[in-house]
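This report describes the architecture and the side-chain links of one protein chain. Please consult the sequence and the structure shown below while reading.

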Amino acid sequence: MPEHTMLLPHCHVVHELLALLRSRERRVARAPRDSGALQARDDAAYTLCVLMGERSMAAAVEAAERYLVRCRRAVLPGVGVAPDRAR
(Lines give C-alpha, C1' and ligand atoms only; values in the text may rest on other atoms or scores of the structure.)
Protein backbone atom coordinates (compact mmCIF):
# COMPACT_ATOMS: atom_id res chain seq x y z
CA MET A 1 0.00 0.00 0.00
CA PRO A 2 1.55 3.35 -1.01
CA GLU A 3 2.03 6.06 1.58
CA HIS A 4 -0.14 9.12 1.16
CA THR A 5 1.79 12.34 0.99
CA MET A 6 0.07 15.62 1.62
CA LEU A 7 1.31 19.14 1.12
CA LEU A 8 1.15 21.14 4.31
CA PRO A 9 0.59 24.89 4.54
CA HIS A 10 3.27 27.12 5.96
CA CYS A 11 2.68 27.70 9.67
CA HIS A 12 2.82 31.48 9.22
CA VAL A 13 0.07 31.37 6.59
CA VAL A 14 -2.19 29.35 8.87
CA HIS A 15 -1.47 31.70 11.78
CA GLU A 16 -2.21 34.83 9.70
CA LEU A 17 -5.40 33.39 8.21
CA LEU A 18 -6.70 32.31 11.61
CA ALA A 19 -5.99 35.81 12.96
CA LEU A 20 -7.77 37.34 9.95
CA LEU A 21 -10.80 35.11 10.47
CA ARG A 22 -10.99 36.04 14.15
CA SER A 23 -10.79 39.75 13.38
CA ARG A 24 -13.55 39.39 10.81
CA GLU A 25 -15.66 37.46 13.32
CA ARG A 26 -15.27 40.37 15.77
CA ARG A 27 -16.38 42.75 13.02
CA VAL A 28 -19.49 40.62 12.42
CA ALA A 29 -20.19 40.57 16.17
CA ARG A 30 -20.15 44.39 16.18
CA ALA A 31 -22.33 44.67 13.05
CA PRO A 32 -24.23 41.41 12.50
CA ARG A 33 -26.32 42.82 9.64
CA ASP A 34 -23.39 44.27 7.70
CA SER A 35 -23.34 42.22 4.51
CA GLY A 36 -19.77 43.28 3.74
CA ALA A 37 -18.60 42.07 7.15
CA LEU A 38 -20.46 38.78 6.70
CA GLN A 39 -18.99 38.23 3.25
CA ALA A 40 -15.46 39.04 4.45
CA ARG A 41 -15.85 36.57 7.35
CA ASP A 42 -17.23 33.89 5.04
CA ASP A 43 -14.37 34.40 2.57
CA ALA A 44 -11.77 33.96 5.31
CA ALA A 45 -13.63 30.93 6.69
CA TYR A 46 -13.82 29.32 3.25
CA THR A 47 -10.11 29.87 2.65
CA LEU A 48 -9.25 28.33 6.03
CA CYS A 49 -11.53 25.36 5.27
CA VAL A 50 -9.76 24.74 1.99
CA LEU A 51 -6.32 25.20 3.50
CA MET A 52 -7.04 22.80 6.37
CA GLY A 53 -9.09 20.32 4.32
CA GLU A 54 -12.23 20.72 6.44
CA ARG A 55 -15.87 21.31 5.55
CA SER A 56 -16.98 23.60 8.36
CA MET A 57 -15.54 26.74 9.86
CA ALA A 58 -15.50 25.19 13.35
CA ALA A 59 -13.60 22.12 12.14
CA ALA A 60 -11.16 24.27 10.17
CA VAL A 61 -10.45 26.50 13.18
CA GLU A 62 -9.90 23.45 15.38
CA ALA A 63 -7.60 21.85 12.79
CA ALA A 64 -5.67 25.11 12.39
CA GLU A 65 -5.19 25.46 16.14
CA ARG A 66 -3.93 21.85 16.41
CA TYR A 67 -1.63 22.40 13.44
CA LEU A 68 -0.15 25.55 14.97
CA VAL A 69 0.63 23.65 18.18
CA ARG A 70 2.54 21.09 16.11
CA CYS A 71 4.32 23.92 14.26
CA ARG A 72 5.47 25.47 17.53
CA ARG A 73 6.83 22.12 18.73
CA ALA A 74 8.71 21.59 15.47
CA VAL A 75 10.52 24.92 15.40
CA LEU A 76 14.19 24.62 16.21
CA PRO A 77 16.00 27.36 18.12
CA GLY A 78 17.58 29.90 15.79
CA VAL A 79 15.75 28.67 12.69
CA GLY A 80 12.74 30.99 12.93
CA VAL A 81 14.28 33.76 10.83
CA ALA A 82 15.20 33.35 7.19
CA PRO A 83 19.00 33.67 6.73
CA ASP A 84 18.65 36.69 4.45
CA ARG A 85 16.62 38.49 7.14
CA ALA A 86 18.78 37.64 10.14
CA ARG A 87 20.92 40.50 11.36
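The chain contains three helices and zero strands, where helices (H or I, at least four residues) and strands (E, at least two) are DSSP runs numbered from the N terminus. Read from the N terminus on, the order of the elements is α-α-α. The model is predicted, and local features need pLDDT of at least 70, side-chain atom pairs count only at pLDDT 80 or more, and totals for chains, interfaces and linings use all residues. Residues are numbered from 1 along each chain as its sequence is written, and side-chain values use heavy atoms, with hydrogens and water left out.

**Burial and contacts**

The chain has 87 residues, of which 24% count as buried; buried means under 20% relative accessible area, exposed over 50%, and partly exposed in between (1.4 Å probe, protein chains only). The exposed area of the chain is about 7000 Å², and carbon and sulfur atoms supply 57% of it. Such areas come from the Shrake-Rupley method with a 1.4 Å probe, and for residues only the protein chains shown count as cover. A contact means heavy atoms within 4.5 Å. Of the contacts in the chain between residues at least 6 apart in sequence, 50% join residues at least 24 apart.

**The disulfide**

The structure holds one disulfide, a pair of cysteine sulfur atoms within 2.5 Å. It joins Cys11 to Cys71, with an S to S distance of 1.8 Å. Because Cys11 belongs to helix 1 and Cys71 to helix 3, the pair ties together parts that are 60 residues apart in sequence. The torsion about the S-S bond of Cys11 and Cys71 is about -80°, so the disulfide is left-handed. In general terms, a disulfide is a covalent bond between the sulfur atoms of two cysteines. As for burial, Cys71 is buried at 9% relative accessible area, whereas Cys11 is partly exposed at 27%. Another cysteine, Cys49, is buried with a relative accessibility of 10%.

**Salt bridges**

The count of salt bridges is four, each being a side-chain nitrogen of Lys or Arg within 4 Å of a carboxyl oxygen of Asp or Glu. The table lists pairs from among them.

| Pair | Closest N to O distance |
|---|---|
| Glu65 and Arg22 | 2.2 Å |
| Arg27 and Asp34 | 3.9 Å |
| Asp42 and Arg41 | 2.8 Å |

What does the salt bridge between Glu65 and Arg22 tie together? Glu65 lies in helix 3 (residues 57-74) and Arg22 in helix 1 (residues 11-30), so this pair ties together parts that are 43 residues apart in sequence. Glu65 is partly exposed, with a relative accessibility of 36%, and Arg22 is partly exposed at 34%.

In the pair formed by Arg27 and Asp34, Arg27 is partly exposed at 34% relative accessibility, and Asp34 is partly exposed at 30%. Asp42, the partner of Arg41, is likewise partly exposed, with a relative accessible area of 37%.

**Tyr46 in helix 2**

Tyr46 is located in helix 2, which covers residues 35-52. Is Tyr46 buried or exposed? Its relative accessible area is 59%, so Tyr46 counts as exposed. Ser56 follows ten residues apart along the chain from Tyr46, and the C-alpha atoms of the two residues are separated by 8.3 Å.
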